[in-house]
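Please open the model in your viewer and keep the selection tool at hand. The tour goes from the ligand to the nonpolar cores, with one selection at each stop.

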Amino acid sequence: MDRKQEVLRQLRETGSYVSGQQLCETLGVSRTAVWKIIKKLKEDGYPIEAVTNKGYRLLSVEGKDLFNKEELERRLQTRWAGRPLIFSEETGSTNADIFRLSEQDYPQGTLAVTSKQTAGKGRRGRTWISPPDVNVYMSILLRPDFKPETAPMLTLVMALAVHRACEELYGKGAGDAEPCRFGIKWPNDIVVSARDGSWRKICGILTEMRMEEKEIRDIVIGIGINVNQAEFPEEIRETAGSLALALGHPVSRADLTAEVWKYFEEYYEVFEQARSLSPLREDYERALVNRGKKVRVLDPESPYEGVALGINEEGELLVKPDDGSEVRQVGTGEVSVRGVMGYV
Ligand code: BTN
């Protein structure tokens, strides 16, 4: 445990004043060092009161969206997903960070989390707009020993985990609050039912793979979740949303992050054993908002419309074309699928 964590632990445990002297003795550092640690904690958002002759006291953190390494590690219940956890206030792209860490031999499960990205990457070469201090941007390192063709399915595994985390935390309605409904727009966008009845995208997932010879060298799954963002740029205003906008109140990014990795670890292990989505298919289809809905498959050669039926065990979308022809299997990454009436 580092010094900052130790001071926090003592303040939390005591629930009252801890003298500067006591902190100096238990940490084996000078008064100035203790003062510097307290200053850092305050900068991280912890409300700490300092009273002469009494010492330091942690005031209530309830309702505060504290998002830092300490808060994340305190909540993480996993065995390998998120271990180690590398937190930064700001970075270019957490996907790029993970590739760099992989080159330094960091293990499977290494997680990069940040509060702001300056070069966030989206799917299809787009930018992922990543404003500071409101959202979650994170990426995990995987080094699976399965075939490269299996890799795109991981995106669906991740989508399932984010969806489940949202359902568990915000889908049941706490107190008098109305529960929110969540869904997955194939293959991997998480959507929430907004107050105006539309589905809004709150999470995007970008999986990137590097190969060595014909084998997987490493895989990064990056997730961007719009948590407490209140406004969106013009170009995505119609389709994007955030958890806070849907729920009507801000939420804790640290709680959500820990919940995501809890379910990812669970689902990943099921997937790894089966090497297919078959054991997860039912859960995925239950969350699939396109199911039974009219979709437009934007195949550049010959776009068509049909009804989405579900997925197969490889994660391909099954679409029954309107022209009565046989059910088609739409692969992830091949084409885009849009709702006929709008985004879903
Ligand atoms: C999408 O376009 O829907 C996927 C967006 C993925 C964004 C996340 S944010 C964390 C990670 N780092 C990146 O640069 N991109 C992913």
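A residue is counted as near a molecule if one of its heavy atoms lies within 4 Å of it, and you should keep in mind throughout that this is a predicted model.

Begin by selecting the ligand together with the 18 residues around it, of which Ser93, Gln117, Lys121, Arg123 and Lys201 come nearest. Show the side chain of Ser93, where an N or O atom is 2.7 Å from an oxygen atom of the ligand, and then that of Lys201, where an N or O atom is likewise 2.7 Å from a ligand oxygen. Add Thr94, which places a polar side-chain atom 3.2 Å from a nitrogen atom of the ligand. How much of the ligand's accessible area does the protein cover? Of the 410 Å² that the ligand has on its own, the protein covers 98%.

Next, select Met158, Ile225, Leu243, Trp261 and Phe264, the residues with the most contacts inside the largest nonpolar core, which has 70 residues. Colour helix α6 (residues 151-170) as well, since the largest share of this core, 13 residues, comes from that helix. Colouring by domain is useful here, because domain 2 (69-286) and domain 3 (290-339) both give residues to the core, which therefore lies between them.

Now centre the view on Ile225, whose contacts beyond four places away in sequence are Asn135, Val136, Met138, Val162, Ile202, Cys203, Leu243, Leu256 and Val260.

Finish by selecting Val7, Leu11, Val34 and Tyr56, which are among the 17 residues of a second, separate core.

Conventions
Residues are numbered from 1 along each chain as its sequence is written. This is a predicted model: local features need pLDDT of at least 70, side-chain atom pairs count only at pLDDT 80 or more; totals for chains, interfaces and linings use all residues. Side-chain values use heavy atoms; hydrogens and water are left out. A nonpolar core is a set of buried Ala, Val, Leu, Ile, Met, Phe, Trp, Tyr and Cys residues joined through side-chain atoms within 4.5 Å. Buried means under 20% relative accessible area, exposed over 50%, partly exposed in between (1.4 Å probe, protein chains only). Helices (H or I, at least four residues) and strands (E, at least two) are DSSP runs, numbered from the N terminus. Domain bounds come from an automatic or database domain assignment. Contact means heavy atoms within 4.5 Å. A polar contact is a pair of N or O atoms within 3.5 Å; within protein, one must be able to donate a hydrogen and the other to accept it, and residues adjacent in sequence count only if both atoms are side-chain atoms. Accessible areas come from the Shrake-Rupley method with a 1.4 Å probe; for residues, only the protein chains shown count as cover.
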